[in-house]
Amino acid sequence: MIKTDHLTKHYGQLKAVDDVSFQVGPGEVLGFLGPNGAGKTTTMRMLAGFVAPTSGSASICGHDVATDALAAKTALGYLPEGAPSYGEMTVRRFLEFIADLRGLEGARRTARLDHVIGNLHLAGVLGQTIDTLSKGFRRRVGLAQAIVHDPPVLILDEPTDGLDPNQKHEVRTLINDMAREKIIVISTHILEEVDAVCTRAIIIARGRIVADDTPAGLAARSRYHNAVSMQLAEASQLETARAAVASLPSVAAVEVSEREARVTALPKPGALIFAPVSELAARTGLKLKELHLEAGRLDEVFRTITA
Amino acid sequence: MHNVGIITRRELASYFATPLAYVFILIFLVLANAFTFYLGGFYERGQADLAPFFTFQPWLYLFLIPALSMKLWAEERKSGSIELLMTQPVKLWDAVLGKFLAAWAFTALALGLTFPLWITVNYLGSPDNGAILAGYLGSLLLAGGFLAIGSCMSALTRNQVVAFILGVAVCFAFLLAGFPLVLDVFRSWAPQVLVDAIASLSFLTHFESISKGVIDVRDLLYFVMLTGFFLLATAVALDLRKDL
């Protein structure tokens, strides 16, 4: 269990984190979202025991991060922002160093090192110094050190930043695999990641929590939630389509994209418009390339509540 | 204590992973010998001892030790690895001590490599080897004191050049604490007790008595306490602001 209680951090006049309270339980993957400078990293640093809170408290598995710091740190695997490490060390030496600090010994040490090296595909670079690695490999080394002691709680600050799409997919698969038995908090500003791995999302802006919901719940706040979008085969039908859709009583607004030859109908609150719109399209003789129901756009919700 | 050993080993290995270790040892040996033979007049004195070698040790350390210690914490701050280290289940004090011990062991190695001087002086005459051993002990203690000061200055900043300059300045002040250059600053306004106290903090006074072969508990205690004080100050500086 991760628990924060009125967690606050001031840097002089600046309130980096302002009265943040939340709890995360087993099986949850919490996505921590927010614009740059919103306080994500500072919150994570306080959870990891790197930055002391100005007021309020936080605990990891019941251990207060300020008064019982060593126990809290023992229960935690932490990937700092930018995945810092010791550049002059080889990957193998570095992971062994962390394993030693984590108190791993004997057969378990060997087994855990083999496990993370295999899982994060580091076998090919074990003898290389970290300075010579690509950004993607460095991130994976950072992830490997965070999970080497198999902690019950993981806090990962931008775990997929700088990775290519294949590597992102691998890291997300890894997080999903671990999600069943661990408590995981990741920060990101990549919204697709929230859908891909998170069971819950907290959006933070100017140091305060502005939303705390499931990804689907957040998407439902979008004005595009349950909107119907159709792409026309012939751009000449755009005006006909717009006028026809706008005449439906349950449609609140219509947006037209000429570039894509797309018409999007936004429903009035609570209205379901997929059936009426598709019938209308057939009746009016519109030639459709594509017709679909939107779940809601996270990026639009994100912009609306953090602006 | 287990973690101190782990951190010390990692630090020591990191010295040798870059040219730093080799450059440092080479410069140290060249300068130590140059001072001994040219400035110290090793042969001209016609005496079988290492006094010319030890006399210049403090001045050699004044620039070389801050060059070694400047990276201790400033580099960790700059690269961000301090966040990695401080979020491991390691006591702050273990990290401070581990890094200091690595730097000290490294200095001891450099100092140990001056052994040809000792062989030379034994070949040329029959020196008081007890006094020479005391000289080495004094030199090692002095290096420890300088390193502790350097560690503290390095913890104050993320800029290694700033750490170096601060280190040299503070070490210089401690080196000359017993001399008019420093004491005159205080004499005009401070009570005599304070002036005496400052004078008694001088590295040189304590070092010189040990390097002459007089091992006084007070001198040993002075170095141990000074080193301990600055290591403690290092820990306080880190604890106040880890995310500098």
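**Reading a two-chain predicted model**

Me: I see that Tyr22(B) sits in helix H2 (residues 20-39) of chain B. Which residues make a nonpolar surface patch with Tyr22(B)?

Reply: Before we start, keep in mind that this is a predicted model. For the patch, look for nonpolar side chains that stay accessible, because a patch residue needs over 30% relative accessible area. Here, Tyr22(B) is joined by Phe16(B), Leu109(B), Leu113(B), Phe115(B), Trp118(B) and Ile119(B), and together they make a patch of about 640 Å².

Me: Which helix gives the most to that nonpolar patch?

Reply: That's helix H7 (residues 115-124) of chain B, with 3 residues.

Me: Let's do a helix. What span should helix H13 (residues 217-240) of chain B have?

Reply: Count 1.5 Å a residue: its 24 residues should span 34 Å, and the end C-alpha atoms are 34 Å apart, so the two agree.

Me: And which residues of H13(B) are buried?

Reply: Start with the general idea: an α-helix has 3.6 residues a turn, so residues three or four places apart point the same way. Now run down H13(B): the buried ones include Asp219(B), Tyr222(B), Phe223(B), Leu226(B), Phe230(B), Thr234(B) and Leu238(B). Thr227(B), Leu231(B), Ala235(B) and Ala237(B) are buried too.

Me: What covers the buried residues of H13(B)?

Reply: Quite a list of helices from chain B: the cover includes H4 (71-79), H5 (81-86), H6 (92-112), H8 (129-155), H9 (160-175) and H12 (203-211).

Me: Over to chain A. How many helices and strands does chain A have?

Reply: You'll find 11 helices and 14 strands. The C-alpha trace spans about 75 × 45 × 35 Å along its principal axes. Of the 307 residues in chain A, 51% count as buried. Chain A exposes about 13300 Å², with carbon and sulfur atoms supplying 51% of that.

Me: Where in chain A is confidence lowest, and where is it highest?

Reply: Take the overall score, then go element by element. Chain A averages a pLDDT of 90, and 100% of its residues score at least 70. The low end is helix H11 (residues 298-306) of chain A, at a mean of 84, and the high end is helix H3 (residues 91-101) of chain A, at 97.

Me: One residue to finish: is Ser59(A) buried or exposed?

Reply: Compare its relative accessibility with the 20% cut-off: at 13%, Ser59(A) counts as buried. Ser59(A) lies in strand S4 (residues 55-60) of chain A. Leaving aside neighbours within four places in sequence, Ser59(A) is in contact with Met1(A), Ile2(A), Lys3(A), Asp64(A) and Val65(A).

Technical notes: Residues are numbered from 1 along each chain as its sequence is written. Chains are lettered from A and ligands numbered from 1 in the order in which they are written. This is a predicted model: local features need pLDDT of at least 70, side-chain atom pairs count only at pLDDT 80 or more; totals for chains, interfaces and linings use all residues. Side-chain values use heavy atoms; hydrogens and water are left out. Patches are made of residues with over 30% relative accessible area and no salt bridge: like charges are joined within 9 Å, nonpolar side chains (Val, Leu, Ile, Met, Phe, Trp, Tyr) within 5 Å. Accessible areas come from the Shrake-Rupley method with a 1.4 Å probe; for residues, only the protein chains shown count as cover. A salt bridge is a side-chain nitrogen of Lys or Arg within 4 Å of a carboxyl oxygen of Asp or Glu. Helices (H or I, at least four residues) and strands (E, at least two) are DSSP runs, numbered from the N terminus. pLDDT is the predictor's confidence in each residue, from 0 to 100. The expected span of a helix is 1.5 Å times one less than its number of residues. Buried means under 20% relative accessible area, exposed over 50%, partly exposed in between (1.4 Å probe, protein chains only). Contact means heavy atoms within 4.5 Å.
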